[in-house]
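New notebook page. I want to look up what is packed inside this protein and whether any empty space is left.

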Amino acid sequence: MSPFRAILLSAALSLAAGPVLAADFKVKLAGGWNGKKIPAGQQCKLFGGNGATPPMVISGLPAGTEWVLVQYNDRDYKPLSTKGGHGAIGFPVKGSKAQLPAIPANVKKLPNGIFIASKARSSGKYASKGYLPPCSGGKGNRYFADVFAMTGKNKALGAARVELGRY
């Protein structure tokens, strides 16, 4: 990770570590994700999947937003339940709307200025270089993402939470 991205990540994670900010923007899942059940095949490889992050459509981003930080979490597995336990990804954006593409699991290099802000905190056979898809083995764990609108100076302008579903 470049020194710039390390500084950026440090600032974003320290801002994101506090309570979720009030936000006027909306996040909608796309690509077959409904927020209730993790789509078939979107789980980790250990459980027969080839998961990727859900595509997202964001509207109403605050003026001054230059990038969006998405932290993926497992509400029911405490070690991975906050601050991007399943990984955090940064997406450059322009304007008040954004379409975030699906990002494959376990990759380190990404296209178009998208970057791994922090890899999943999982270890051993669950370790990932980036995003770790739902990996609870169908035990009913609940997954969600915290989405932060960020300035180029790493100030959080707002936040939203989106439920990804149960697996």
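Before hunting for holes, I noted what counts: a cavity is a set of grid points where a 1.4 Å probe fits but cannot get out, and its volume is the space filled by probe spheres set on those points. I also jotted down that this is a predicted model.

**Entry 1: the overall layout.** I looked up the secondary structure and got one helix and eight strands. Read along the sequence, the pattern is α-β-β-β-β-β-β-β-β. Of the 167 residues, 47% are buried. I also checked contacts with a separation of 6 or more, and 68% of them come from residues 24 or more positions apart.

**Entry 2: the cavity.** How many cavities of 30 Å³ or more does a search of the whole structure find? I got one. The largest cavity holds about 30 Å³ of space. Its lining is made of Tyr72, Asn73, His86, Tyr131, Leu132, Pro133, Pro134, Tyr143, Phe144 and Leu164. Two elements, β3 (67–74) and β7 (142–150), give two or more residues each to that lining. Sorted by class, I have eight nonpolar residues, two polar ones and no charged ones.

**Entry 3: strand β2.** Next I went to β2, residues 56–59. On one side it pairs up with β1 (residues 26–29), antiparallel, through four bridges. In that pairing, Lys26 stands opposite Ser59. β2 also pairs with β5 (residues 98–100), again antiparallel, over three bridges. There I found Met56 opposite Leu100.

Which residues of β2 are on the covered face, and which on the uncovered one? Met56 and Ile58 are on the covered face, while Val57 and Ser59 are on the uncovered one. That fits a rule I wrote in the margin: in a regular strand, side chains alternate between the two faces of the sheet.

**Entry 4: the cores.** Met56 turned up again here. The largest nonpolar core has 29 residues, and Met56 and Leu164 have the most contacts inside it. The elements giving two or more residues to this core are β1, β2, β3, β4 (88–92), β5, β7 and β8 (156–166). β7 gives the most, with four residues.

I then listed what Met56 touches beyond its neighbours within four places in sequence; among them are Val27, Leu29, Val70, Tyr72, Leu100, Val147 and Leu164. I also found a second, separate core of nine residues, including Phe115, Ala117, Phe148 and Ala159.

**Last note to self.** Leu164 is on two of my lists: it lines the largest cavity, and it is one of the top-contact residues of the largest core.

Definitions and conventions. Residues numbered from 1 in each chain as written. Predicted model: local features only at pLDDT ≥ 70, side-chain atom pairs only at ≥ 80, totals over all residues. Heavy atoms only, no water. 1 Å grid on protein atoms, 1.4 Å probe; cavity = no way out; pocket = protein on both sides within 12 Å on 5 of 7 lines; lining within 4 Å. Nonpolar A, V, L, I, M, F, W, Y, C, P; charged D, E, K, R; others polar. Buried < 20%, exposed > 50% of the residue type's maximum accessible area, 1.4 Å probe, protein only. Pairing = 2+ DSSP bridges. Core = buried A, V, L, I, M, F, W, Y, C linked by side-chain atoms within 4.5 Å. Contact = heavy atoms within 4.5 Å.
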